[in-house]
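Visitor: Got a few minutes to walk me through this one? I'd like to go place by place.
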Amino acid sequence: MPTIEDLRRTLARIDGRGYKAYKDLEGSYHHHQFILFVDHVQGDPFASPSKVRVRISQSVANVPQAFFANTARRVAVQDFLIRTTHSAIRHVSQGHRGMGKSGLISIDVGGQEVLERTAMLVNHEWVEARLQVGLPAQGRTVLGRQAEAMLCQEIPQIVEQGLLWGNIPQREGKQFVDWVENQEHIRHQLDSLGLVAFIGDGATLPRASGASDSPLAGKNVRRFQSPESLRVTIPIPNPIEQGGKPVGSLTGMGIPKGVTLIVGGGYHGKSTLLRALERGIYPHVPGDGREFVVASQGAVKIRAEDGRRIEQVDISGFITNLPFGQNTTQFCTDNASGSTSQAATILEALEVGATVLLLDEDTSATNFMVRDARMQALVIKAHEPITPFLDRVRELFQTQGVSSVLVMGGCGDYFDVADTVIMMREYLPLEVTVEAQQIARSHETHRCMEVASSMPSLAHRIPLPESIDPSRGRREVKIDTKGIDLIVFGHEAIDLKGVEQLVDISQTRAVGCAIQLAAERFIDGKARLCDVVEDVGRLLTVEGLDVLDPFYRPGRHPGNFARPRSYEIAAALNRLRTVRMRQA
Ligand code: ADP
Ligand code: MG
């Protein structure tokens, strides 16, 4: 194998030549601490940066085996090493060295959530970091000396500072991995504890601002304190320090299965609590404040999203008798209303196995949530297509075991159907179930239940392969991610603004490619959507996220992906405007 010295010589040779000469770098180079793979060289200084990997043998990297002994710990240690590499890059890299992206070295680092990512791989044999490098140019001329500084000096320093276990903050690393494992451990226990979520005492739920995901700081932050009646203590595998002593459990509020209302005055922290639950499907980094918040893996946020497309969804459990006799058992529209979109989103989530629905009055269609007695009197049922969620929410739990957590500050009619009522008062939760039930008895709503019959059984759908086309121009597969909530799939834009549990643009990128992977391997005109997304999930678990790259082959940089849940993959497919399905 060529060595780093050979790389130096090549760079000296191509110095001052046209940018295409950089193509000569593709290959692998031996350094005494690692192997450098130059997998892909960008076409020009303004194109997306070149892709390189560094692979360090464990005899050099020395990541203790205990840190990747199970999936939760492996994901955590990989994520942690991405962060140490990221800070080493910031420390070492000189930054811009010419035009466009010249001189930039980067790694796909995440935010407050800890996700499985393709940017780092740790196993028994080696540690591999996958980087982006902007090969430097002046105009279109190779800056060989600058490239040498990057590849032959900065990268070895980055490895030295960010990837060798002996040189990184080990205590922090242990805490990071332990905390992530604790969160996953709690998540696995929720079901048998009869809970859908857990919020530990001491958690910080509010964020610094509407534009920042960091914790709110300062003396006006109320830390979470569980009400005694909902308090649970859950064992954790890695003891944490509390008051100088190691403690092997966490205490906090358990949200039981069933129908839970979060009530309270405006601006008292209801939505903040729900948003923490939405994000609680992922582990958070220590210090985030939400590392104490764990929600069931199957918790799906439901919101109104008018304008979206809906394909062949049976929404008749919520909506019937539309004008002009439009069919709601196989409902299709290019322009959903608030209520039809919310109904469809619920059924789509149930179709792929959601076990908990999270709803906030702030983002719900009022007429989907409730119709009160006066409105029932004015607009008689025969002229109202909607069976409000209020009249289905208990049934969903009783017949399908699907729980709901609803933020409801404006409608007390829900007291009749709630198992648990939590009141937020000055950012602290109180349990007020008994009071709410008493009020429900003494203040009748005088409304009538609007259900004519029970929810129809779930209509599974089969996506049709010819309706999914990732091609654009001469490219057979062209999928671009324009932001956390926008994928351009072939010629089609997939708008994911309503899919609020995507938290990282690398997840969005993965979702776009997962649709393509599904179309290529599993969507055959016979497989049901639920099985398709399950198959994709299984493939990602068995083979790793590297397979998401449509052009992947071993020995090629797998790109920057972070793992999405199957719910979000299905949600994106449901929003692809060309997609056609038939009911099974
Ligand atoms: P609601 O949904 O009840 O109207 P929000 O959850 O939107 O209220 O919260 C209102 C404001 O209070 C937000 O700016 C939020 O950041 C802040 N906030 C929420 N929880 C806390 C807390 N525990 N401590 C301090 N501020 C908080
Ligand atoms: Mg609110």
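Visitor: Where does Thr508 sit?
Guide: Thr508 is part of helix α12, which spans residues 505-521. Keep in mind that this is a predicted model.

Visitor: Buried or exposed, that Thr508?
Guide: Thr508 is buried, since its relative accessible area is 0% and the cut-off for buried is under 20%.

Visitor: What is Thr508 in contact with, leaving aside neighbours within four places in sequence?
Guide: Thr508 has contacts with Thr481, Gly483, Ile484, Leu486, Ile487, Leu496 and Leu502.

Visitor: And how far is Pro564 from Thr508, C-alpha to C-alpha?
Guide: Their C-alpha atoms are separated by 7.6 Å, with the two positions 56 residues apart along the chain.

Visitor: Staying with that helix, at what angle do α12 and α13 pack?
Guide: About 105°, and the axes are 10 Å apart. That angle makes α12 roughly perpendicular to α13.

Visitor: Which residues make the contact?
Guide: From α12 you have Ala514, Leu517, Ala518 and Arg521, and from α13 Val532, Val536, Leu539 and Leu540. By class, the contact of α12 with α13 has 7 nonpolar residues, no polar ones and 1 charged.

Visitor: OK, and α13 with α14, what's the geometry there?
Guide: Helix α13 covers residues 529-543 and helix α14 covers 566-575; they pack at about 130°, with axes 9 Å apart. The two are therefore oblique to each other. Their crossing is right-handed.

Visitor: Which side chains should I click on for that contact?
Guide: On α13, pick Leu529, Val533 and Val536; on α14, pick Ser566, Ile569, Ala570, Leu573 and Asn574. The residues of this contact of α13 with α14 divide into 6 nonpolar, 2 polar and no charged.

Visitor: Changing topic: what coordinates the magnesium ion, ligand 2?
Guide: Ser271 through OG and Asp362 through OD, at 2.1 to 2.3 Å. Ser271 belongs to helix α6 (residues 270-279) and Asp362 to the loop between β19 (356-360) and α8 (366-369), so the pair ties together parts that are 91 residues apart in sequence.

Visitor: How about Ser271, buried or exposed?
Guide: Ser271 is buried, at a relative accessible area of 14%. Asp362, on the other hand, counts as exposed at 56% relative accessibility.

Visitor: Let's jump to another helix pair. How do α3 and α5 pack?
Guide: α3 and helix α5 (residues 170-190) pack at about 140°, and their axes are 9 Å apart. They are therefore oblique to each other, and α3 passes α5 in a right-handed crossing.

Visitor: What makes up that contact?
Guide: α3 brings Ala72, Arg73, Ala76, Val77, Asp79, Phe80 and Arg83, while α5 brings Glu172, Gly173, Phe176, Val177, Asp178, Val180, Glu181 and Glu184. The residues of the contact of α3 with α5 divide into 7 nonpolar, 1 polar and 7 charged.

Visitor: Now backbone oddities. What's the phi of Asn62?
Guide: Asn62 has a positive phi of about 60°, although it is not a glycine. Most residues other than glycine have a negative phi. Asn62 is in the loop between α2 (58-61) and α3 (71-92), and it is partly exposed, with a relative accessible area of 48%.

Visitor: And His446, what's its phi near?
Guide: Near 60°, again a positive value in a residue other than glycine. You'll find His446 in the loop between α11 (433-442) and β23 (461-463). At 64% relative accessibility, His446 counts as exposed.

Visitor: Where is Ile105?
Guide: Ile105 is in strand β4 (residues 105-107), and it counts as buried at 7% relative accessibility. Leaving aside neighbours within four places in sequence, Ile105 is in contact with Ile89, Ser93, Gln132, Val133, Met150, Glu154, Ile155 and Ile158.

Visitor: How far apart in space are Ile105 and His188?
Guide: 38 Å from C-alpha to C-alpha, and 83 residues apart in sequence.

Visitor: Last one: where is Thr3 found?
Guide: Thr3 is in the segment before α1 (4-14), and it counts as partly exposed at 28% relative accessibility. Leaving aside neighbours within four places in sequence, Thr3 is in contact with Tyr29 and His30. The C-alpha atoms of Thr3 and His31 are separated by 6.1 Å, and the two are 28 residues apart along the chain.

Notes
Residues are numbered from 1 along each chain as its sequence is written. Chains are lettered from A and ligands numbered from 1 in the order in which they are written. This is a predicted model: local features need pLDDT of at least 70, side-chain atom pairs count only at pLDDT 80 or more; totals for chains, interfaces and linings use all residues. Side-chain values use heavy atoms; hydrogens and water are left out. Donors are N, O and S atoms within 2.8 Å of the metal (3.2 Å for Na, K and Ca); water is not among the atoms, so sites may look incomplete. Helices (H or I, at least four residues) and strands (E, at least two) are DSSP runs, numbered from the N terminus. Buried means under 20% relative accessible area, exposed over 50%, partly exposed in between (1.4 Å probe, protein chains only). Axes are lines fitted to C-alpha atoms, for helices over the stretch in contact, and angles run from 0 to 180 degrees between N-to-C directions. Angles under 35 degrees count as roughly parallel, over 145 as roughly antiparallel, 65 to 115 as roughly perpendicular and the rest as oblique. A crossing is left-handed if the near helix is turned anticlockwise from the far one by less than a right angle, and right-handed if clockwise. Contact means heavy atoms within 4.5 Å. Ala, Val, Leu, Ile, Met, Phe, Trp, Tyr, Cys and Pro count as nonpolar, Asp, Glu, Lys and Arg as charged, and the others, Gly among them, as polar.
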